[in-house]
Amino acid sequence: MGKSRRTVPEELLLLALDPTTGTTAQPQTLDLGLAGAQLVELSLAGRIVPEGDRIAVVLPRPTGDPTLDHALELLRRRGSPVRAAHWIGGPRLGLRQTYLAHLERCGMVTAVPGQMCGVLPTTRYQASDDCTNAAIKQRLDTAIRTGVPPDPRTAALAALAHSVGLGKHLYPGNEGRSSRSRLRDLIRYDPLGGMVAHAVMDVQNGLPSQQNRSSQGGSGAPIGADRPGPRATGRSGSGGRVAAPRVGVR
């Protein structure tokens with residue numbers, strides 16, 4: 001896989017990076033979103049395919065991206081299709097830090113050491129090219145504003161951004177409410193991204209994975225409201241909200 005195109009995990013992390021604080025929004029759930037984004041990227045690369053709510057490896061050949069290839073190898077070792085929710089919720093803590101280090105090696109972010117309260121060492125991350133981050137956000141803005149169906153990569157990115165709660169980071173306040181709603185609804189344009197996004201929210205809410213989503217016709221229903229909640233049972237909405245447990249690393 002060449003580096004002419006940024007991967008979905010890279011773009012999701014860049015979207016979550018706060019240019020003011022140098023920290024990532026939604027750190028407790030971002031690891032889950034990155035694990036889901038790896039599945040989306042591996043599918044786009046033709047390495048895996050969905051089988052209901054499971055993921056099957058169909059081409060174990062490396063992509064050339066070390067972080068994706070590690071995930072692909074772990075999936076291959078399973079020997080049989082694995083449920084997306086089981087994979088996303090697996091014991092692979094620290095994926096956010098892994099990808100921050102990856103982005104630093106690729107020159108997409110710069111690590112800035114500092115201290116908290118003058119004592120505790122901290123590291124802030126600044127995007128090396130603000131235009132890159134702006135271009136990623138612009139793709140979401142365009143899809144939200146025009147209503148034109150986005151490409152699968154952008155639709156999957158939107159679904160994952162919503163699933164980990166980045167809507168209020170990207171479109172804050174009451175003025176961003178309609179944009180957050182439209183961000184959520186972009187899920188309908190990518191069935192795989194929708195399935196993965198639902199799996200991310202299932203893990204957050206401690207819900208068991210579902211064998212299939214036949215009631216949704218396989219196309220993905222609008223999920224959640226302003227922030228992730230229980231998965232939808234139809235296209236009309238997701239019902240009440242359940243507070244997600246703290247998952248992931250700080």
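# Exercises on a predicted model

In the hairpin formed by S1 and S2, two residues lie between the strands, and Gly-52 among the hairpin's residues has a positive phi near 70°. The model is a predicted one. The exercises below start from this hairpin.

## Exercise 1. The sheet around the hairpin

Task: establish the strand order of the open sheet and how its strands pair.

Solution.
- Step 1. Take the hairpin strands. S1 and S2 (residues 54–57) are antiparallel and are joined over four bridges.
- Step 2. Fix the register. Glu-51 is placed opposite Arg-54 of S2.
- Step 3. Go to the next pair. S2 and S3 also run antiparallel, with two bridges between them. Here Arg-54 is opposite Arg-83 of S3.
- Step 4. Assemble the sheet. The order is S1-S2-S3, an open sheet of three strands with antiparallel pairing. Its edges are S1 (48–51) and S3 (82–83), each of which pairs on one side only.
- Step 5. Add the covering helix. Helix H3 (residues 66–78) lies across S1, S2 and S3, and runs at about 95° to S2.

## Exercise 2. A second positive phi

Task: locate Gln-26 and state whether it is buried, partly exposed or exposed.

Solution.
- Step 1. Consider the backbone. Most residues other than glycine have a negative phi. Gln-26 is not a glycine, yet its phi is positive, at about 55°.
- Step 2. Place the residue. Gln-26 belongs to the loop between H1 and H2.
- Step 3. Classify its exposure. The relative accessible area of Gln-26 is 33%. Partly exposed covers values between 20% and 50%, so Gln-26 is partly exposed.

## Exercise 3. Helix H1 and its contact with H5

Task: determine how many residues of H1 are buried, and how H1 is oriented to H5.

Solution.
- Step 1. List the buried residues of H1. They are Val-8, Pro-9, Glu-10, Glu-11, Leu-12, Leu-13, Leu-14, Leu-15 and Ala-16.
- Step 2. Compare with the helix length. Nine of the nine residues of H1 are buried, so the helix is largely enclosed by the rest of the structure.
- Step 3. Take the geometry. H1 (residues 8–16) packs against H5 (residues 95–105) at an angle of about 95°, and the axes are 10 Å apart. H1 is therefore roughly perpendicular to H5.
- Step 4. Identify the contact. From H1 come Pro-9, Glu-10, Leu-13 and Leu-14; from H5 come Arg-96, Tyr-99, Leu-100, His-102 and Leu-103. By class, the contact holds six nonpolar, one polar and two charged residues.

## Exercise 4. Helices H2 and H3

Task: describe the crossing of H2 and H3 and the makeup of their contact.

Solution.
- Step 1. Read the axes. Those of H2 and H3 come within 10 Å and cross at roughly 90°, which means that H2 is roughly perpendicular to H3.
- Step 2. Name the residues. Gln-38, Leu-39, Glu-41 and Leu-42 of H2 meet Thr-67, Leu-68, Ala-71, Leu-72 and Leu-75 of H3.
- Step 3. Sort them. Six are nonpolar, two polar and one charged.

## Exercise 5. The core, and two neighbours in sequence

Task: find which residues touch the most other members of the largest nonpolar core, then compile the contacts of Val-196 and Met-195.

Solution.
- Step 1. Begin with the core. It has 55 residues, of which Leu-12, Leu-39, Ile-88, Leu-140, Leu-160, Leu-166 and Val-196 touch the most other members. Helix H2 (residues 27–44) contributes the most, with eight residues.
- Step 2. Follow Val-196. Leaving out residues up to four places away in sequence, Val-196 touches Gly-36, Leu-39, Val-40, Ile-88 and Leu-160.
- Step 3. Place Met-195. Met-195 sits in helix H10 (residues 191–205) and is buried, at 13% relative accessible area.
- Step 4. List its contacts. With the exclusion of residues up to four places away in sequence, Met-195 touches Pro-50, Gly-52, Asp-53, Ile-55 and Ala-84. Gly-52 is the hairpin residue with the positive phi near 70°.
- Step 5. Check one distance. Met-195 and Gly-36 are 159 residues apart in sequence, but their C-alpha atoms are 9.5 Å apart in space.

## Exercise 6. The whole chain

Task: give the secondary structure count and the share of buried residues.

Solution.
- Step 1. The protein has ten helices and five strands.
- Step 2. Of its 250 residues, 50% are buried.
- Step 3. Among contacts with a separation of 6 or more, 66% link residues 24 or more positions apart.

Technical notes
Residues are numbered from 1 along each chain as its sequence is written. This is a predicted model: local features need pLDDT of at least 70, side-chain atom pairs count only at pLDDT 80 or more; totals for chains, interfaces and linings use all residues. Side-chain values use heavy atoms; hydrogens and water are left out. A nonpolar core is a set of buried Ala, Val, Leu, Ile, Met, Phe, Trp, Tyr and Cys residues joined through side-chain atoms within 4.5 Å. Buried means under 20% relative accessible area, exposed over 50%, partly exposed in between (1.4 Å probe, protein chains only). Contact means heavy atoms within 4.5 Å. Axes are lines fitted to C-alpha atoms, for helices over the stretch in contact, and angles run from 0 to 180 degrees between N-to-C directions. Angles under 35 degrees count as roughly parallel, over 145 as roughly antiparallel, 65 to 115 as roughly perpendicular and the rest as oblique. Ala, Val, Leu, Ile, Met, Phe, Trp, Tyr, Cys and Pro count as nonpolar, Asp, Glu, Lys and Arg as charged, and the others, Gly among them, as polar. Two strands pair if DSSP finds at least two bridges between them.
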